[in-house]
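Student: I'd like a close look at one part of this chain, and at how that part sits in the rest of the fold. Could you start from a single residue and work outwards?

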Amino acid sequence: MTEPTAGTAERTPERTAILGAGVMGETLLSGLLRAGRAVDDVVITERRPDRAAELADRYGVKVLSNPEAVATSDTVVLVVKPQDIGSLLTEIRDAVVPGTLVVCIAAGITTAFVEQRLPEGVAVVRVMPNTPALVDQGMAAISPGSHCDAAHLDRARALLSATGKVIEVAEYHQDAITAISGSGPAYIFYVVEAMIEAGVLLGLPRSTSTELVVQTLYGAATMLRETGEHPTVLREQVSSPAGTTMSALRQLDDHKVRAAFLTAMEAARDRSRELSSGQ
C-alpha cells in the first residue's frame, strides 16, 4: 500500500474512519489496533488540536479532516454527541462515496435520521455500545438501516467485536438497550460505590472494602456467565433461611430497591426516545 502524504490519504480496502476521538472513539481505535488492524487502515478526526496530537503520538494514527477521512474510507464511524450529528452529516455528505458503510454511535439517533442527510442508498448501521469496551468487555447492539445487507452487518459486527460482544436487534429495541446496557455500567458503579461506603461505615478500611466489593462483583458476574443459572437460583444459594443475607434483602425490598431500578431504566428509555423525537 502506498503511504499517503502528510494531511492526505488514499482510499484503500477496509479503511475505517473514526469521526470523533473522545473516550468511545479512542476505545474503538485502540480495540481495532489490539485486534490486529494495521494502523494505516484506521484514520481519525478530532476538532481539538491538542487531543489530535495526543492520539497521533500515542497510536501513530493519521488525523484528517472530516470530509477527507470519509472520502478515503470504506467504513465511517460517527462517534460524536447526539446534538452534533446533524452538523457533522451536513459537513461530510458530499464526501460519502457509493459503497461506504456509516456506523452511528450516538444515543437516540435513528438510521432514518442519518440516511435522510446522506446520499440516497448509503448503508447505515445504528449501534449502542457501552464503556466496558475500554477493557474489551463491551456489549454492543447493532441495528440495520433500510439499505443494509448481510455484508454490511458483518462489517459492523467485525468492527465492534474488537472490543467485546455484539448482538443484532430490531431498531425499535434500541431505546430499551440504551437504558439497560448502554447506561448499565453506571448503575453497577453506583451500587458498588454504595457497597464500598457501607463497608467503611461498618469499620473496614476503604481499600479493604473496595477490594472486597470489586472482587465480589467480578466473581458474581463470572458465576452468572459461566454457570448459565438464572440469577434467582444463584441468589437463593446465598440466602439461608433467617440468615444474614435474607435480613439484608428484606431491607432492600422494604425500600423498594427493585422498583426503583425498574423506574430508573424506564426513565433512561424515555430520555432516549426524547432524543429521537428531538431530531
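What is the relative accessible area of Asp136, and does that make this residue buried, partly exposed or exposed?

Tutor: Happy to, and please keep in mind that this is a predicted model. The relative accessible area of Asp136 is 30%. Buried would need under 20% and exposed over 50%, so Asp136 counts as partly exposed. The residue sits in the loop between strand 6 (123-128) and strand 7 (138-144). Its backbone is worth a look too: Asp136 is not a glycine, yet has a positive phi of about 60°. Most residues other than glycine have a negative phi. Ala242 also has a positive phi, near 60°, without being a glycine. That residue lies in the loop between helix 10 (231-238) and helix 11 (244-254), and counts as exposed at 82% relative accessibility.

Let's step from the loop into the sheet. Eight strands form an open, mixed sheet in the order 3-2-1-4-5-6-7-8, with strand 3 (62-63) and strand 8 (164-168) as the edge strands, each pairing on one side only. Strands 6 and 7, which flank the Asp136 loop, are neighbours in that order. On the other side, strand 6 pairs with strand 5 in the parallel sense over four bridges, and Cys104 has Arg126 as its bridge partner in strand 6. The connection from strand 5 to strand 6 goes through helix 5 (residues 111-116), as a right-handed β-α-β crossover.

Strand 5 is also joined to strand 4 (residues 75-78) by four bridges, again parallel, and here Cys104 is the bridge partner of Leu78. Strand 4, helix 4 (residues 85-92) and strand 5 make up a right-handed β-α-β unit. In a regular strand the side chains alternate between the two faces of the sheet. In strand 5 both faces are covered, with Leu101 and Val103 buried on one side and Val102 and Cys104 buried on the other. Further along the sheet, strand 1 (residues 16-19) and strand 2 run parallel and share four bridges, with Ala17 opposite Val43.

Now for the packing. The largest nonpolar core has 26 residues, and Ile18, Val103, Val125 and Val127 have the most contacts inside it. Strands 6 and 7 are among the elements that supply at least two residues each, as are helix 1 (23-34), strand 2 (42-45), strand 5 (101-104) and helix 6 (150-160). Helix 6 gives the largest share, four residues. Another core lies apart from this one; it has 23 residues, including Val43, Leu64, Cys104 and Val122. Val125 shows the local packing well: beyond its neighbours within four places in sequence, its contacts include Leu101, Val103 and Cys104, along with Ile142, Leu153 and Ala156.

Finally, the whole chain. There are 12 helices and eight strands, and the C-alpha trace spans about 70 × 40 × 30 Å along its principal axes. Of the 279 residues, 38% are buried. Among contacts with a separation of 6 or more, 66% link residues 24 or more positions apart. The chain exposes about 15300 Å², with 58% of that supplied by carbon and sulfur atoms.

Notes. Residues numbered from 1 in each chain as written. Predicted model: local features only at pLDDT ≥ 70, side-chain atom pairs only at ≥ 80, totals over all residues. Heavy atoms only, no water. Buried < 20%, exposed > 50% of the residue type's maximum accessible area, 1.4 Å probe, protein only. Core = buried A, V, L, I, M, F, W, Y, C linked by side-chain atoms within 4.5 Å. Contact = heavy atoms within 4.5 Å. Pairing = 2+ DSSP bridges. Right-handed = clockwise from strand over helix to strand, strands pointing away. Areas by Shrake-Rupley, 256 points an atom, 1.4 Å probe, with all protein chains shown as cover.
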